[in-house]
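The following paragraphs go through a protein–DNA model, taking the contact between the two protein chains before the DNA. Please keep the structure in view while reading.

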Number of protein chains: 2
Amino acid sequence: MCSALYQHINKFIDLNKDEQEVLASFLQSFSVKKKAFLLEQGQKCSANYFVVKGCLRLYFIDIKGAEQTTQFAIENWWITDLTSFLFKEQSEFFIQAAEPTEVIAIESHHYDEMFLKLPKLERYFRLILQKNHQASQRRIKFLYSQTAEERYCNFNHLFPEFVQRVPQYMLASYLGFTPEFLSKIRAKR
Amino acid sequence: MCSALYQHINKFIDLNKDEQEVLASFLQSFSVKKKAFLLEQGQKCSANYFVVKGCLRLYFIDIKGAEQTTQFAIENWWITDLTSFLFKEQSEFFIQAAEPTEVIAIESHHYDEMFLKLPKLERYFRLILQKNHQASQRRIKFLYSQTAEERYCNFNHLFPEFVQRVPQYMLASYLGFTPEFLSKIRAKR
DNA sequence: CGGTCTCTTGACGGAGTTCAAAGCTAGTGG
DNA sequence: CCACTAGCTTTGAACTCCGTCAAGAGACCG
(Lines give C-alpha, C1' and ligand atoms only; values in the text may rest on other atoms or scores of the structure.)
Protein backbone atom coordinates (compact mmCIF):
# COMPACT_ATOMS: atom_id res chain seq x y z
CA MET A 1 0.00 0.00 0.00
CA CYS A 2 2.77 2.40 0.90
CA SER A 3 5.46 0.52 -0.98
CA ALA A 4 6.27 3.45 -3.25
CA LEU A 5 7.27 5.43 -0.18
CA TYR A 6 9.27 2.54 1.33
CA GLN A 7 11.15 2.22 -1.94
CA HIS A 8 11.90 5.90 -1.92
CA ILE A 9 13.04 5.83 1.69
CA ASN A 10 15.30 2.86 0.97
CA LYS A 11 17.17 4.90 -1.61
CA PHE A 12 18.44 6.99 1.30
CA ILE A 13 18.42 4.79 4.43
CA ASP A 14 17.77 1.14 5.33
CA LEU A 15 14.39 0.55 6.86
CA ASN A 16 13.57 -3.07 7.77
CA LYS A 17 10.15 -4.73 7.70
CA ASP A 18 9.46 -4.07 11.38
CA GLU A 19 10.29 -0.42 11.01
CA GLN A 20 8.14 -0.20 7.90
CA GLU A 21 5.22 -1.50 9.93
CA VAL A 22 5.78 1.06 12.64
CA LEU A 23 5.92 3.75 10.00
CA ALA A 24 2.72 2.46 8.39
CA SER A 25 0.81 3.30 11.57
CA PHE A 26 1.57 6.98 10.96
CA LEU A 27 0.62 6.99 7.30
CA GLN A 28 -2.57 7.32 5.33
CA SER A 29 -2.76 6.45 1.68
CA PHE A 30 -5.55 7.71 -0.57
CA SER A 31 -6.54 9.07 -3.97
CA VAL A 32 -7.32 12.67 -4.85
CA LYS A 33 -9.45 13.57 -7.82
CA LYS A 34 -8.18 16.10 -10.33
CA LYS A 35 -8.88 19.65 -9.07
CA ALA A 36 -9.73 18.43 -5.56
CA PHE A 37 -8.11 20.22 -2.62
CA LEU A 38 -5.91 18.85 0.14
CA LEU A 39 -5.64 22.32 1.67
CA GLU A 40 -7.55 25.56 1.26
CA GLN A 41 -6.68 29.09 2.31
CA GLY A 42 -7.66 29.71 5.94
CA GLN A 43 -7.36 26.06 6.96
CA LYS A 44 -4.54 24.51 8.95
CA CYS A 45 -2.34 22.35 6.76
CA SER A 46 -2.90 19.04 8.52
CA ALA A 47 -0.40 16.85 6.71
CA ASN A 48 2.79 16.48 4.73
CA TYR A 49 2.01 14.79 1.40
CA PHE A 50 4.10 12.33 -0.60
CA VAL A 51 3.06 11.91 -4.25
CA VAL A 52 2.99 8.26 -5.34
CA LYS A 53 1.48 9.01 -8.75
CA GLY A 54 0.12 12.20 -10.27
CA CYS A 55 0.80 15.84 -9.50
CA LEU A 56 -0.04 18.29 -6.73
CA ARG A 57 0.51 22.01 -6.76
CA LEU A 58 0.86 24.61 -4.01
CA TYR A 59 -0.54 28.05 -4.85
CA PHE A 60 -2.00 31.20 -3.33
CA ILE A 61 -4.29 33.96 -4.54
CA ASP A 62 -2.51 37.28 -4.89
CA ILE A 63 -3.92 40.71 -4.10
CA LYS A 64 -5.27 41.07 -7.63
CA GLY A 65 -7.09 37.75 -7.43
CA ALA A 66 -4.65 35.79 -9.60
CA GLU A 67 -3.46 32.28 -8.72
CA GLN A 68 0.28 32.09 -8.12
CA THR A 69 1.71 28.58 -8.23
CA THR A 70 4.75 28.36 -5.97
CA GLN A 71 5.48 24.65 -6.11
CA PHE A 72 4.67 21.44 -7.95
CA ALA A 73 5.10 17.92 -6.58
CA ILE A 74 5.22 14.94 -8.92
CA GLU A 75 6.11 11.31 -8.20
CA ASN A 76 8.44 10.87 -5.19
CA TRP A 77 8.25 14.46 -4.00
CA TRP A 78 6.87 15.77 -0.72
CA ILE A 79 4.71 18.86 -0.52
CA THR A 80 3.13 20.89 2.27
CA ASP A 81 2.77 24.43 3.60
CA LEU A 82 5.54 23.94 6.16
CA THR A 83 4.72 26.93 8.34
CA SER A 84 1.08 25.95 8.68
CA PHE A 85 1.95 22.25 9.04
CA LEU A 86 4.51 22.78 11.80
CA PHE A 87 2.89 25.59 13.76
CA LYS A 88 -0.79 24.90 13.12
CA GLU A 89 -1.24 28.36 11.71
CA GLN A 90 -3.93 29.25 9.19
CA SER A 91 -2.52 28.75 5.74
CA GLU A 92 -2.49 31.33 2.96
CA PHE A 93 -2.10 28.53 0.42
CA PHE A 94 -4.08 25.94 -1.48
CA ILE A 95 -2.85 22.44 -2.31
CA GLN A 96 -4.70 21.06 -5.29
CA ALA A 97 -4.39 17.98 -7.49
CA ALA A 98 -3.33 19.00 -11.00
CA GLU A 99 -3.98 15.41 -12.10
CA PRO A 100 -5.71 12.42 -10.53
CA THR A 101 -3.21 11.75 -7.77
CA GLU A 102 -2.33 9.03 -5.26
CA VAL A 103 -0.78 10.37 -2.10
CA ILE A 104 0.59 9.17 1.20
CA ALA A 105 0.03 11.58 4.08
CA ILE A 106 1.64 12.09 7.47
CA GLU A 107 -0.68 14.03 9.73
CA SER A 108 0.98 16.77 11.77
CA HIS A 109 -0.10 15.18 15.07
CA HIS A 110 1.88 12.07 14.08
CA TYR A 111 4.91 13.91 12.82
CA ASP A 112 6.88 14.36 16.07
CA GLU A 113 5.91 10.92 17.35
CA MET A 114 7.13 9.35 14.13
CA PHE A 115 10.61 10.78 14.68
CA LEU A 116 10.60 9.60 18.31
CA LYS A 117 9.71 6.04 17.33
CA LEU A 118 11.84 5.97 14.19
CA PRO A 119 14.84 8.25 14.67
CA LYS A 120 16.32 6.81 11.48
CA LEU A 121 13.83 8.92 9.59
CA GLU A 122 15.54 12.09 10.81
CA ARG A 123 18.21 11.27 8.27
CA TYR A 124 15.75 10.53 5.47
CA PHE A 125 13.96 13.82 5.94
CA ARG A 126 17.23 15.71 6.33
CA LEU A 127 18.28 14.39 2.94
CA ILE A 128 14.90 15.23 1.41
CA LEU A 129 15.08 18.74 2.80
CA GLN A 130 18.59 19.11 1.42
CA LYS A 131 17.24 18.28 -2.01
CA ASN A 132 14.50 20.86 -1.52
CA HIS A 133 17.06 23.44 -0.47
CA GLN A 134 19.15 22.75 -3.55
CA ALA A 135 16.06 23.10 -5.71
CA SER A 136 15.24 26.43 -4.04
CA GLN A 137 18.74 27.78 -4.57
CA ARG A 138 18.59 26.81 -8.24
CA ARG A 139 15.14 28.33 -8.65
CA ILE A 140 16.10 31.68 -7.14
CA LYS A 141 19.14 31.77 -9.40
CA PHE A 142 16.98 31.21 -12.47
CA LEU A 143 14.46 33.82 -11.39
CA TYR A 144 17.22 36.37 -10.82
CA SER A 145 19.25 35.80 -13.95
CA GLN A 146 16.85 35.11 -16.78
CA THR A 147 14.06 36.89 -18.61
CA ALA A 148 10.60 35.35 -18.72
CA GLU A 149 11.25 33.94 -22.17
CA GLU A 150 14.57 32.41 -21.14
CA ARG A 151 12.98 30.82 -18.07
CA TYR A 152 10.32 29.20 -20.20
CA CYS A 153 12.76 27.87 -22.81
CA ASN A 154 15.06 26.63 -20.11
CA PHE A 155 12.31 24.92 -18.15
CA ASN A 156 10.90 23.43 -21.33
CA HIS A 157 14.31 22.08 -22.19
CA LEU A 158 14.92 20.60 -18.73
CA PHE A 159 11.46 19.10 -18.17
CA PRO A 160 9.81 18.65 -21.59
CA GLU A 161 7.53 15.83 -20.41
CA PHE A 162 6.34 17.77 -17.36
CA VAL A 163 5.38 20.83 -19.43
CA GLN A 164 2.86 18.60 -21.20
CA ARG A 165 1.25 17.53 -17.93
CA VAL A 166 -0.05 20.83 -16.55
CA PRO A 167 -2.16 23.65 -18.01
CA GLN A 168 -0.18 26.61 -19.23
CA TYR A 169 -1.65 29.03 -16.76
CA MET A 170 -0.20 27.00 -13.86
CA LEU A 171 3.18 26.86 -15.52
CA ALA A 172 3.14 30.57 -16.30
CA SER A 173 2.63 31.58 -12.67
CA TYR A 174 5.20 29.01 -11.50
CA LEU A 175 7.74 30.60 -13.86
CA GLY A 176 6.75 34.07 -12.68
CA PHE A 177 4.70 35.63 -15.48
CA THR A 178 1.17 35.72 -16.92
CA PRO A 179 -0.57 33.11 -19.09
CA GLU A 180 -0.99 35.74 -21.82
CA PHE A 181 2.74 36.32 -21.97
CA LEU A 182 3.45 32.58 -22.11
CA SER A 183 1.09 32.37 -25.04
CA LYS A 184 3.01 35.12 -26.82
CA ILE A 185 6.34 33.39 -26.18
CA ARG A 186 4.98 30.19 -27.69
CA ALA A 187 3.58 32.04 -30.71
CA LYS A 188 7.11 33.08 -31.69
CA ARG A 189 8.34 29.58 -32.55
CA MET B 1 35.57 28.48 20.93
CA CYS B 2 32.55 26.99 19.26
CA SER B 3 30.19 27.74 22.11
CA ALA B 4 27.89 29.90 19.97
CA LEU B 5 27.21 26.87 17.83
CA TYR B 6 26.72 24.56 20.82
CA GLN B 7 24.23 27.01 22.27
CA HIS B 8 22.38 27.08 19.00
CA ILE B 9 22.35 23.29 18.71
CA ASN B 10 21.05 23.00 22.26
CA LYS B 11 18.01 25.03 21.33
CA PHE B 12 17.00 22.06 19.19
CA ILE B 13 18.57 18.92 20.68
CA ASP B 14 20.58 17.95 23.78
CA LEU B 15 24.25 17.52 23.12
CA ASN B 16 26.39 16.59 26.14
CA LYS B 17 30.00 17.60 26.76
CA ASP B 18 31.43 14.41 25.28
CA GLU B 19 29.40 14.81 22.14
CA GLN B 20 30.43 18.46 21.90
CA GLU B 21 34.04 17.35 21.96
CA VAL B 22 33.46 14.85 19.19
CA LEU B 23 31.76 17.54 17.18
CA ALA B 24 34.62 19.96 17.80
CA SER B 25 36.98 17.63 15.92
CA PHE B 26 34.94 18.30 12.76
CA LEU B 27 34.80 22.07 13.14
CA GLN B 28 37.04 24.96 12.31
CA SER B 29 36.50 28.38 13.74
CA PHE B 30 38.01 31.52 12.20
CA SER B 31 37.54 35.15 11.27
CA VAL B 32 36.88 36.55 7.82
CA LYS B 33 37.71 40.12 6.91
CA LYS B 34 35.06 42.30 5.33
CA LYS B 35 34.91 41.66 1.56
CA ALA B 36 37.01 38.51 1.84
CA PHE B 37 35.77 35.38 0.06
CA LEU B 38 34.97 31.95 1.46
CA LEU B 39 34.03 30.74 -2.01
CA GLU B 40 34.61 32.03 -5.53
CA GLN B 41 32.99 31.07 -8.81
CA GLY B 42 34.66 28.02 -10.33
CA GLN B 43 35.84 26.64 -6.98
CA LYS B 44 34.34 23.73 -5.11
CA CYS B 45 32.43 24.88 -2.05
CA SER B 46 34.49 23.11 0.58
CA ALA B 47 32.41 23.83 3.68
CA ASN B 48 29.10 24.64 5.27
CA TYR B 49 29.43 27.87 7.26
CA PHE B 50 27.77 28.89 10.52
CA VAL B 51 27.85 32.62 11.29
CA VAL B 52 28.78 33.35 14.91
CA LYS B 53 28.98 37.11 14.41
CA GLY B 54 28.76 39.27 11.31
CA CYS B 55 27.22 38.65 7.93
CA LEU B 56 27.95 36.53 4.87
CA ARG B 57 26.26 36.71 1.52
CA LEU B 58 25.84 34.24 -1.34
CA TYR B 59 25.78 35.78 -4.80
CA PHE B 60 26.50 35.10 -8.47
CA ILE B 61 27.39 37.22 -11.49
CA ASP B 62 24.60 37.27 -14.05
CA ILE B 63 24.99 37.29 -17.83
CA LYS B 64 25.13 41.08 -17.88
CA GLY B 65 27.88 41.15 -15.29
CA ALA B 66 25.71 42.27 -12.36
CA GLU B 67 26.00 40.75 -8.89
CA GLN B 68 22.84 38.97 -7.79
CA THR B 69 22.65 38.31 -4.06
CA THR B 70 20.59 35.19 -3.43
CA GLN B 71 21.07 34.77 0.31
CA PHE B 72 22.33 36.47 3.44
CA ALA B 73 23.44 34.72 6.62
CA ILE B 74 23.66 36.62 9.89
CA GLU B 75 24.21 35.35 13.44
CA ASN B 76 23.06 31.73 13.93
CA TRP B 77 22.40 30.98 10.27
CA TRP B 78 24.15 28.44 8.07
CA ILE B 79 25.16 29.21 4.51
CA THR B 80 26.71 27.25 1.66
CA ASP B 81 26.26 26.43 -2.02
CA LEU B 82 24.62 23.09 -1.25
CA THR B 83 25.00 21.57 -4.70
CA SER B 84 28.69 22.33 -4.85
CA PHE B 85 29.19 21.36 -1.20
CA LEU B 86 27.46 17.99 -1.48
CA PHE B 87 28.58 16.91 -4.93
CA LYS B 88 31.96 18.63 -5.18
CA GLU B 89 30.87 20.41 -8.33
CA GLN B 90 32.33 23.72 -9.45
CA SER B 91 30.26 26.49 -7.95
CA GLU B 92 28.66 29.33 -9.87
CA PHE B 93 28.48 31.35 -6.66
CA PHE B 94 30.59 33.54 -4.42
CA ILE B 95 30.37 33.61 -0.62
CA GLN B 96 31.68 36.91 0.71
CA ALA B 97 31.79 38.60 4.10
CA ALA B 98 29.54 41.67 4.08
CA GLU B 99 30.97 42.58 7.51
CA PRO B 100 33.94 41.38 9.55
CA THR B 101 32.62 37.92 10.36
CA GLU B 102 33.37 35.04 12.71
CA VAL B 103 32.42 31.68 11.30
CA ILE B 104 32.47 28.01 12.20
CA ALA B 105 32.98 25.71 9.25
CA ILE B 106 32.31 22.04 8.59
CA GLU B 107 34.41 20.81 5.71
CA SER B 108 32.59 18.60 3.22
CA HIS B 109 34.99 15.69 3.81
CA HIS B 110 33.91 15.73 7.47
CA TYR B 111 30.21 16.11 6.81
CA ASP B 112 29.19 12.46 6.33
CA GLU B 113 31.50 11.26 9.07
CA MET B 114 30.00 13.76 11.49
CA PHE B 115 26.56 12.25 11.00
CA LEU B 116 27.94 8.71 11.44
CA LYS B 117 29.60 9.61 14.73
CA LEU B 118 26.83 11.90 15.97
CA PRO B 119 23.52 10.68 14.56
CA LYS B 120 21.75 13.11 16.91
CA LEU B 121 22.83 15.86 14.56
CA GLU B 122 20.59 14.45 11.84
CA ARG B 123 17.73 15.93 13.82
CA TYR B 124 19.44 19.29 14.34
CA PHE B 125 20.14 19.70 10.65
CA ARG B 126 16.70 18.47 9.69
CA LEU B 127 15.21 21.21 11.85
CA ILE B 128 17.59 23.82 10.40
CA LEU B 129 16.69 22.76 6.89
CA GLN B 130 13.01 22.95 7.77
CA LYS B 131 13.56 26.57 8.80
CA ASN B 132 15.34 27.20 5.53
CA HIS B 133 12.50 25.64 3.60
CA GLN B 134 9.97 27.81 5.41
CA ALA B 135 12.06 30.87 4.61
CA SER B 136 12.21 29.87 0.94
CA GLN B 137 8.44 29.37 0.73
CA ARG B 138 7.89 32.80 2.29
CA ARG B 139 10.41 34.41 -0.03
CA ILE B 140 8.89 32.97 -3.19
CA LYS B 141 5.48 34.15 -2.03
CA PHE B 142 6.76 37.70 -1.52
CA LEU B 143 8.53 37.71 -4.88
CA TYR B 144 5.37 36.53 -6.63
CA SER B 145 2.87 38.79 -4.93
CA GLN B 146 4.48 42.17 -4.38
CA THR B 147 5.94 44.95 -6.48
CA ALA B 148 9.55 46.00 -6.00
CA GLU B 149 8.48 48.92 -3.84
CA GLU B 150 6.25 46.74 -1.67
CA ARG B 151 9.03 44.22 -1.19
CA TYR B 152 11.38 46.94 -0.02
CA CYS B 153 8.89 48.50 2.39
CA ASN B 154 7.94 45.11 3.72
CA PHE B 155 11.53 44.00 4.21
CA ASN B 156 12.42 47.31 5.78
CA HIS B 157 9.53 46.92 8.18
CA LEU B 158 10.39 43.32 9.09
CA PHE B 159 14.17 43.77 9.43
CA PRO B 160 14.88 47.48 10.03
CA GLU B 161 18.17 46.84 11.82
CA PHE B 162 19.44 44.51 9.10
CA VAL B 163 18.78 47.04 6.34
CA GLN B 164 21.30 49.31 8.05
CA ARG B 165 23.98 46.64 8.02
CA VAL B 166 24.47 46.03 4.30
CA PRO B 167 25.08 48.31 1.30
CA GLN B 168 22.00 49.11 -0.71
CA TYR B 169 23.25 47.45 -3.87
CA MET B 170 23.37 44.09 -2.07
CA LEU B 171 19.89 44.56 -0.69
CA ALA B 172 18.52 45.64 -4.07
CA SER B 173 19.64 42.48 -5.82
CA TYR B 174 18.44 40.34 -2.90
CA LEU B 175 15.00 41.90 -3.26
CA GLY B 176 15.12 41.42 -7.01
CA PHE B 177 15.70 44.84 -8.53
CA THR B 178 18.47 47.34 -9.36
CA PRO B 179 20.32 49.68 -6.97
CA GLU B 180 19.12 52.66 -9.06
CA PHE B 181 15.53 51.68 -8.54
CA LEU B 182 16.02 51.23 -4.80
CA SER B 183 17.44 54.72 -4.70
CA LYS B 184 14.33 56.04 -6.43
CA ILE B 185 12.04 54.24 -4.01
CA ARG B 186 13.88 55.80 -1.07
CA ALA B 187 13.74 59.26 -2.65
CA LYS B 188 9.94 59.17 -2.48
CA ARG B 189 9.73 59.30 1.30
C1' DC C 1 -23.66 19.24 -28.41
C1' DG C 2 -23.75 22.93 -24.99
C1' DG C 3 -21.19 25.12 -21.50
C1' DT C 4 -17.19 26.01 -19.06
C1' DC C 5 -12.33 26.13 -18.93
C1' DT C 6 -8.23 27.28 -21.32
C1' DC C 7 -5.49 29.51 -24.79
C1' DT C 8 -4.67 33.20 -28.21
C1' DT C 9 -4.27 37.90 -30.04
C1' DG C 10 -3.77 42.87 -30.07
C1' DA C 11 -3.63 47.63 -28.30
C1' DC C 12 -2.13 50.15 -24.65
C1' DG C 13 0.09 51.29 -20.30
C1' DG C 14 3.34 51.17 -16.64
C1' DA C 15 6.81 49.25 -13.49
C1' DG C 16 11.35 48.69 -13.55
C1' DT C 17 15.96 48.81 -16.43
C1' DT C 18 19.78 50.93 -18.69
C1' DC C 19 23.26 54.21 -19.23
C1' DA C 20 25.79 58.03 -18.01
C1' DA C 21 27.17 61.64 -15.09
C1' DA C 22 27.56 63.83 -10.84
C1' DG C 23 27.46 63.85 -5.74
C1' DC C 24 28.53 61.51 -1.49
C1' DT C 25 30.92 58.64 2.03
C1' DA C 26 34.06 55.93 4.24
C1' DG C 27 38.28 53.98 4.50
C1' DT C 28 43.36 54.55 3.84
C1' DG C 29 47.75 56.28 4.03
C1' DG C 30 50.72 60.07 4.63
C1' DC D 1 43.94 64.47 11.41
C1' DC D 2 43.47 65.78 6.94
C1' DA D 3 43.37 64.70 1.92
C1' DC D 4 42.65 61.47 -1.52
C1' DT D 5 40.56 57.88 -3.71
C1' DA D 6 37.59 54.13 -4.65
C1' DG D 7 33.31 52.62 -4.05
C1' DC D 8 28.57 53.60 -3.23
C1' DT D 9 24.35 56.33 -4.05
C1' DT D 10 21.54 59.60 -6.50
C1' DT D 11 19.28 61.60 -10.54
C1' DG D 12 17.20 61.92 -15.02
C1' DA D 13 15.91 60.59 -19.77
C1' DA D 14 15.00 57.05 -22.88
C1' DC D 15 13.63 52.59 -23.42
C1' DT D 16 11.76 47.69 -22.95
C1' DC D 17 9.80 43.88 -21.16
C1' DC D 18 5.89 42.33 -19.49
C1' DG D 19 1.13 43.20 -17.47
C1' DT D 20 -3.68 44.48 -18.20
C1' DC D 21 -7.95 44.26 -20.36
C1' DA D 22 -11.09 42.65 -23.49
C1' DA D 23 -12.78 39.83 -27.07
C1' DG D 24 -12.71 35.78 -29.61
C1' DA D 25 -11.23 30.96 -30.74
C1' DG D 26 -10.38 26.27 -29.19
C1' DA D 27 -10.69 22.31 -26.35
C1' DC D 28 -12.50 19.35 -23.14
C1' DC D 29 -16.14 17.12 -20.33
C1' DG D 30 -20.57 15.74 -19.06
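Six salt bridges are counted between chain A and chain B in this predicted model. In one salt bridge between the chains, the side chain of Arg126(A) meets that of Glu122(B), with 2.5 Å from N to O. Polar contacts between chain A and chain B, counted where both residues have pLDDT 80 or more, amount to 20 residue pairs.

Which elements of chain A form the side that touches chain B? At least two residues each come from the strands β4 (56-61) and β5 (67-73), and from the helices α3 (82-87), α4 (108-117), α5 (120-145) and α8. The greatest contribution to this side of chain A is that of α5(A), with 17 residues. Sorted by class, the side of chain A that touches chain B holds 15 nonpolar residues, 15 polar residues and eight charged ones.

The extent of this interface can be given in residues or in area. Contact joins 38 residues of chain A to 38 residues of chain B. Between them the two chains bury about 3400 Å², and carbon and sulfur atoms carry 59% of that area. Of the area that chain A buries against chain B, 21% is supplied by Arg126(A), Lys141(A) and Tyr144(A), more than by any other three residues. Arg126(A), one of these three, is also the residue in the salt bridge with Glu122(B) described above.

The DNA comes next. How many residues lie around DNA strand C, and which come nearest? There are 17, and the nearest are Lys35(A), Gln168(A) and Ser183(A) from chain A, with Lys64(B) and Ala148(B) from chain B. Among the atoms of DNA strand C that come within 4 Å of the protein, 67% belong to sugar and phosphate.

Phosphate oxygens of DNA strand C have polar partners on both chains. A polar backbone atom of Gln168(A) is 2.7 Å from one phosphate oxygen, and a backbone N or O atom of Ala148(B) is likewise placed 2.7 Å from a phosphate oxygen. With Thr178(B) the partner is a polar side-chain atom, 3.1 Å from a phosphate oxygen of the strand.

At least two residues of the surface near DNA strand C come from each of α8 (168-175) and α9 (179-187) of chain A and α9 (179-187) of chain B. The largest share, five residues, is that of α9(A). By class, this surface near DNA strand C consists of seven charged, six nonpolar and four polar residues. Helix α8 of chain A thus appears on both surfaces: it supplies residues to the side that touches chain B and to the surface near DNA strand C.

Technical notes: Residues are numbered from 1 along each chain as its sequence is written. Chains are lettered from A and ligands numbered from 1 in the order in which they are written. This is a predicted model: local features need pLDDT of at least 70, side-chain atom pairs count only at pLDDT 80 or more; totals for chains, interfaces and linings use all residues. Side-chain values use heavy atoms; hydrogens and water are left out. A residue is near a molecule or strand if one of its heavy atoms lies within 4 Å of it. A polar contact is a pair of N or O atoms within 3.5 Å; within protein, one must be able to donate a hydrogen and the other to accept it, and residues adjacent in sequence count only if both atoms are side-chain atoms. Helices (H or I, at least four residues) and strands (E, at least two) are DSSP runs, numbered from the N terminus. Ala, Val, Leu, Ile, Met, Phe, Trp, Tyr, Cys and Pro count as nonpolar, Asp, Glu, Lys and Arg as charged, and the others, Gly among them, as polar. Contact means heavy atoms within 4.5 Å. Buried area is the accessible area (1.4 Å probe) that two parts lose on being put together, summed over both. A salt bridge is a side-chain nitrogen of Lys or Arg within 4 Å of a carboxyl oxygen of Asp or Glu.
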